[in-house]
Amino acid sequence: MKEKILIVEDNPQSMRLIEMVLRAKGYTLVKAIDGEEALDVAVEERPDLIIMDIQLPKLNGLEVTKRLRETSAFSHIPIIAITAYAMKGDKEKAINAGCDAYLTKPINTRELPGVIAQMLQSQ
């Protein structure tokens, strides 16, 4: 069975792009469009990897990541932060919150599958 990836993204175009890229690689996908839903879906679905938008309604991606990292079930799950608002210091904030990698939007569709494969192998 192919790995399950949770995509947390509130922008429909970004969600579709990420879905297209990952479906082509055969991953099982589950989705959430805000921070609260991300927590619920993560607990219910137990994904192998999470792609986490930082700018989300309700709870931002950094807060969601911190909450997930507080539970042992999510201490080892790779989390990739993605954001359109790449400011100086943002990568450090994401890493400090518990993200394992940081990518900027627009998503590089050639780079994303490689980053995901690398993260899943190193689990």
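These legends walk through several close-up views of a predicted model.

**View 1. The largest nonpolar core.**
Start on the inside, where the largest nonpolar core brings together 24 residues. Leu6, Val8, Ile50, Met52, Val64 and Leu68 have the most contacts inside this core. Seen by element, strand E1 (4-8), strand E2 (28-32), helix H2, strand E3 (49-53), helix H3 (61-69), strand E4 (79-83) and helix H4 (90-97) each put in at least two residues. The largest share, 4 residues, comes from H2.

**View 2. Helix H2, with one residue tucked away and another partly out.**
Here we look at two residues of one helix. Leu39 sits in helix H2, and it counts as buried because its relative accessibility is 16%, below the 20% cut-off. Look across from there to Leu59: the two residues are 20 apart along the chain, and their C-alpha atoms are separated by 9.5 Å. Glu37 also belongs to helix H2, which covers residues 35-45. With 30% relative accessibility, Glu37 counts as partly exposed.

**View 3. A patch of negative charge.**
Now for the surface. Glu36, Glu37, Asp40 and Glu44 gather here in a patch of negative charge.

**View 4. Glu45 reaches Lys4.**
The structure holds 9 salt bridges, and one of them joins Glu45 to Lys4, with the closest N and O atoms 2.9 Å apart. Glu45 is in helix H2 and Lys4 in strand E1, so this pair links distant parts of the chain, 41 residues apart. Which of the words buried, partly exposed or exposed fits Glu45? Glu45 is partly exposed, at 26% relative accessibility. Its partner Lys4, on the other hand, is buried, with a relative accessible area of 17%.

**View 5. Lys105, Glu9 and a cis peptide bond.**
There are two things to look for around Lys105. One is a salt bridge to the side chain of Glu9, at 2.8 Å from N to O. This pair links distant parts of the chain, 96 residues apart: Lys105 is in the loop between E5 and H5, and Glu9 in the loop between E1 and helix H1 (12-24). Both Lys105 and Glu9 are buried. The other is the cis peptide bond that joins Lys105 to Pro106, with omega at about 0°. Pro106 lies in the loop between strand E5 (101-104) and helix H5 (111-121). Keep in mind that most peptide bonds are trans.

**View 6. Asp100 holds on to Arg69, and a network of salt bridges.**
Asp100 and Arg69 form a salt bridge whose closest N and O atoms are 2.7 Å apart. Asp100 is in the loop between H4 and E5 while Arg69 is in helix H3, so the pair ties together parts that are 31 residues apart in sequence. Asp100 is partly exposed, at 41% relative accessibility. Elsewhere, salt bridges with shared partners join Glu9, Asp53 and Lys105 into one network.

**View 7. Two residues with positive phi.**
Most residues other than glycine have a negative phi. Arg46 is not a glycine, yet its phi is positive, at about 50°. Arg46 is found in the loop between H2 and E3 and is partly exposed, with a relative accessible area of 45%. Lys58 has a positive phi too, near 75°, and its place is the loop between E3 and H3. At 61% relative accessibility, Lys58 counts as exposed.

Definitions and conventions
Residues numbered from 1 in each chain as written. Predicted model: local features only at pLDDT ≥ 70, side-chain atom pairs only at ≥ 80, totals over all residues. Heavy atoms only, no water. Patch = residues over 30% accessible without salt bridge, like charges linked within 9 Å, V, L, I, M, F, W, Y side chains within 5 Å. Areas by Shrake-Rupley, 256 points an atom, 1.4 Å probe, with all protein chains shown as cover. Salt bridge = Lys/Arg side-chain N within 4 Å of Asp/Glu carboxyl O. Lys, Arg positive; Asp, Glu negative; His and termini not counted. Charge placed at Lys NZ, Arg CZ, Asp CG, Glu CD. Buried < 20%, exposed > 50% of the residue type's maximum accessible area, 1.4 Å probe, protein only. Core = buried A, V, L, I, M, F, W, Y, C linked by side-chain atoms within 4.5 Å.
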